[in-house]
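Student: Could you walk me through one part of this model in detail? I'd like a close look at the ligand and what sits around it.

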Amino acid sequence: MNYEQIRASLKKSRLALDKLELLEPLLERHGAADDSIISEALADFTLSLHHLIRAVPEKLLPPILQNGNAVHVNVEQISASTNFSNALAQTESRLQSFIQETMREEIEKAMRQLSAVTARPAVDAFVSETADLMRRSEARLRTIIDSTPLGICITNENGIFEYVNDAYCRIYGYSPDELVGEHFTKIVSPDKVQFWRDLHDKYMQMTGDEIRGYSDIRTEWIVRHKDGKPITILADAARITREDGKHQKVTFVMNISEMAKLRENLRQSELQLMQAEKMSSLGQMVAGVAHEVNTPLGYVKSNLQLLLDAQKELQSLLALHQNLKDQILHGSSTAVAKLLDEIEAKSETATLHTEVEKMCLNSLDGIERIQDLVSSLKNFSRLDEADFKQTDLNENIESTLKIAAHLIREKGIKVEKDFGNLPEIAAYPAQLNQVFLNLITNAVQAITHEKGKISISTKKQGEHIVVKVSDNGTGIKPEHLNKIFEPFFTTKDIGKGTGLGLSIVYKIVEKHRGRISVESTVGKGSIFTVELPIHQADSAPVSGNEKTETLASPFSDDEPTKPKSATKKRGK
Amino acid sequence: MNTPKSKILFVDDEPQILETLKLVFRGWNIKTTTSAKEALKLLQSETFSVIVSDQRMPEMTGVEFLKEAKALSPKSVRILLTGYSELDNVIESINSGEVYRFITKPWDNDKLKETVETACKIAELDADLKEEVEKAKGKRDAKKVDSAVEILFIDKLESHLSGYKSLFEDAYTCHIAQTIEAAYEILAEHKAIGVVACDSTLASSKGTIFLTAIRTMYPDVVTIFMSDSKDAQEAIRLINDGQIFRYLVKPFPRDVFRQTIEDAIAKHKEYQHNPMSNLKRKEDEVMQAAPVKAQLPLNDFLADIRSKVGAKKSY
Ligand SMILES: Nc1ncnc2c1ncn2[C@@H]1O[C@H](COP(=O)(O)OP(=O)(O)O)[C@@H](O)[C@H]1O
Ligand SMILES: [Mg+2]
């Protein structure tokens, strides 16, 4: 008996059968347009079958196939008629049952013989090989499904688990027995059962077209582990249709809790760093402002102490004069003469009171300076005003300049202002101040020579307001231009730069639906241009994180988390 | 108060400050300028006993200015009068400018005058008190001058102490103390100690007052403060009350520490050879401060020093 040939023919017939199966949908779609392919496939199949049967020793064949009957199995007759697929299906099933019959009978017989008579290794090998092939391919599929970290479950139209793989069980912390046969809402938090039921029902009732366009399921969800802990998953689903026409839902889930945690940590540290940048610019600002306040305070206090001294001088002079008056009215002329001398001498040394006017004027000046500074501080932070309001940009820039005045003066930088006539714009003034302060601070820091100049211009251009902040500082290297808006990009020493300034600027401008761009020449200087729309499309500009947070549900579990907006393009 | 003859230079970019200072120091021999550059030019042609400078100025910072001024006129006593004391500036002024006082605006006229007057006297010592120098030299214990300098490290942590010690024990005799009390005793016992490095973690206010006390008792001992709290006020106290030599911010590289200690030892030797190079000694001389004897129990002694510091009429 030629086992090799049997095996080869068996494989070949399986292949041919596969091919026929593959051709089936093609035929359904195109009609029987191309029967040559079909007949070829059928011929292939028949031939291999023929080979198979021929390879099997005649005595092993069922009686009806003995005596050369096998070769007469008639399959060629099937024509590519109108009812081709029907015919094909019939043929196919006929063939299948034929081969199954053949095989089963033979195998059974072989087994019987095996146990009855001596060992028949040949048949044995054949039998186990066949079974093995089936087992192996099924096992392979199972291994794949069970070893994938992707959780897979199949639910029926009523939402009952029909199948769950290992990963699915691991993700939720249940055993397969605890899930299969149960409603899938077992794995969601009790107050979300209805939400998920509705979602499932909706999904199952959709038309094929709707399903294709439907992507709501394909997102992140926060669900519940058996132990009650929330887990973040990424899910997707597909709907399949059983032979009986009923739908099943295959759900794929991936546990991304670790990733979500990392992302959250990242967000937290980003927030902290933002805070650090704010604090560091705040620290610098406080240092500057303290110095700015303490300077006038220094001479105001000193002047007041001097005024006290002057007052004492005057008091003693006054006392002398009083004495003089008494002596003139009632005393002796020698006493008068002596007092006059005394007054003369005192007036010569006690001259502080002649400076009183200057001291008072200087002090008033100093107090005005402090007052001015305090009010621009207030303007700068806008603590007492609504976040979002009609804003006069020129005024904002002015008060920001006051805040930065010490920085500018320290370096002996000249500031040129060219402010246009601007309409008010709807904006977050405190945040725009931050933008201007960061741009001005950067400009100041970029200037390393003594002829520093910073120009600030504002103008209305169409529906936008254009603010330009330019400096004649070091400029930015071309290879840095596309990096400067990235968080943490800095060319400055530790302690001087955090690399967050411009990324904050970028965020704020983006929030106002504006644009920022930069032109720079190394050695000549840089121009930062901010364009802000005069009118916002809706009442408030693009909301930042804080807005989405208030819209989100207060409950942390089961809410789909909003996917983060895709990376945005930077200014040029 | 008799107005000193010595010349004083005030530098501040704020004209109003200068106008007020002119009134405060009316009758004194003063010059004022709003420009640090101008001031440096003046220093090339004239000698000033005392230089008082603002910190934040357009052309250069006060610390930078005083550093250059020190090079041009090493005998002038330098004072910073500043609107805001950022720690970095204070530390730099201690470590590089060897500033006599750090005064913050707004100031008190009397205290300011008192301080400047003392500074003037200190500067004058150099000029005309040769015999004082000799006298002070005579006071010294002759054998102490040439004996090897010993070092005292004060830190709460044993591990830190052994770390410090290991760096220097090959070259110097090192003492260690984990408490102020222990340090007090060691100092009384070992007169050869010339450098004290003290960690800030030791009961902070006690630690700083202790360094001040050391300078009062042993003016030639050079003190170094090692801190990880960035406290500008503490640093200002250390300079104004204790005239510390260096303020190190932890962590610092070993090399820096090694160099600092070596510099301190050199400074100590300089003080021994020429007591009048010691600002603290000069100050004591000027103030006619009675030599403090370390006989009181530590806490009483510190309380005594503290009350003396508190009662100071100057900065
Ligand atoms: N006006 C400017 N001139 C030159 N370089 C600039 C200017 N503005 C920003 N830069 C460059 O962009 C980098 C990032 O700026 P920024 O985000 O504000 O961070 P930081 O100022 O803390 O370094 C700076 O380190 C600097 O190299
Ligand atoms: Mg910046």
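Tutor: Sure, let's go there. Ligand 1 has 20 residues around it, and the closest of them are A:Thr490, A:Thr491, A:Lys492, A:Thr498 and A:Leu502. Keep in mind that this is a predicted model, so treat the distances as computed values.

Start with the polar atoms. A:Thr490 puts a polar side-chain atom 2.5 Å from an oxygen atom of ligand 1. With A:Leu502 it's the backbone that matters: one of its N or O atoms is 2.7 Å from a ligand oxygen. A:Asn442 joins in through its side chain, where an N or O atom sits 2.8 Å from an oxygen atom of ligand 1. As for how covered the ligand is, on its own it has 530 Å² of accessible area, and the protein covers 95% of that.

Now zoom out to the pieces of chain A that build this shell. Three elements each supply at least two residues: helix α14 (429-446), helix α15 (501-511) and strand β12 (525-533). Of the contributors, α14(A) gives the most, with three residues. A:Asn442 falls within the range of α14, and A:Leu502 falls within that of α15, so you can tie two of those polar atoms back to the helices.

What about the chemistry of the shell as a whole? By residue type, there are 10 polar, eight nonpolar and two charged residues around ligand 1. A:Lys492, one of the closest residues, is on the charged side of that split.

Terms used. Residues are numbered from 1 along each chain as its sequence is written. Chains are lettered from A and ligands numbered from 1 in the order in which they are written. This is a predicted model: local features need pLDDT of at least 70, side-chain atom pairs count only at pLDDT 80 or more; totals for chains, interfaces and linings use all residues. Side-chain values use heavy atoms; hydrogens and water are left out. A residue is near a molecule or strand if one of its heavy atoms lies within 4 Å of it. A polar contact is a pair of N or O atoms within 3.5 Å; within protein, one must be able to donate a hydrogen and the other to accept it, and residues adjacent in sequence count only if both atoms are side-chain atoms. Accessible areas come from the Shrake-Rupley method with a 1.4 Å probe; for residues, only the protein chains shown count as cover. Helices (H or I, at least four residues) and strands (E, at least two) are DSSP runs, numbered from the N terminus.
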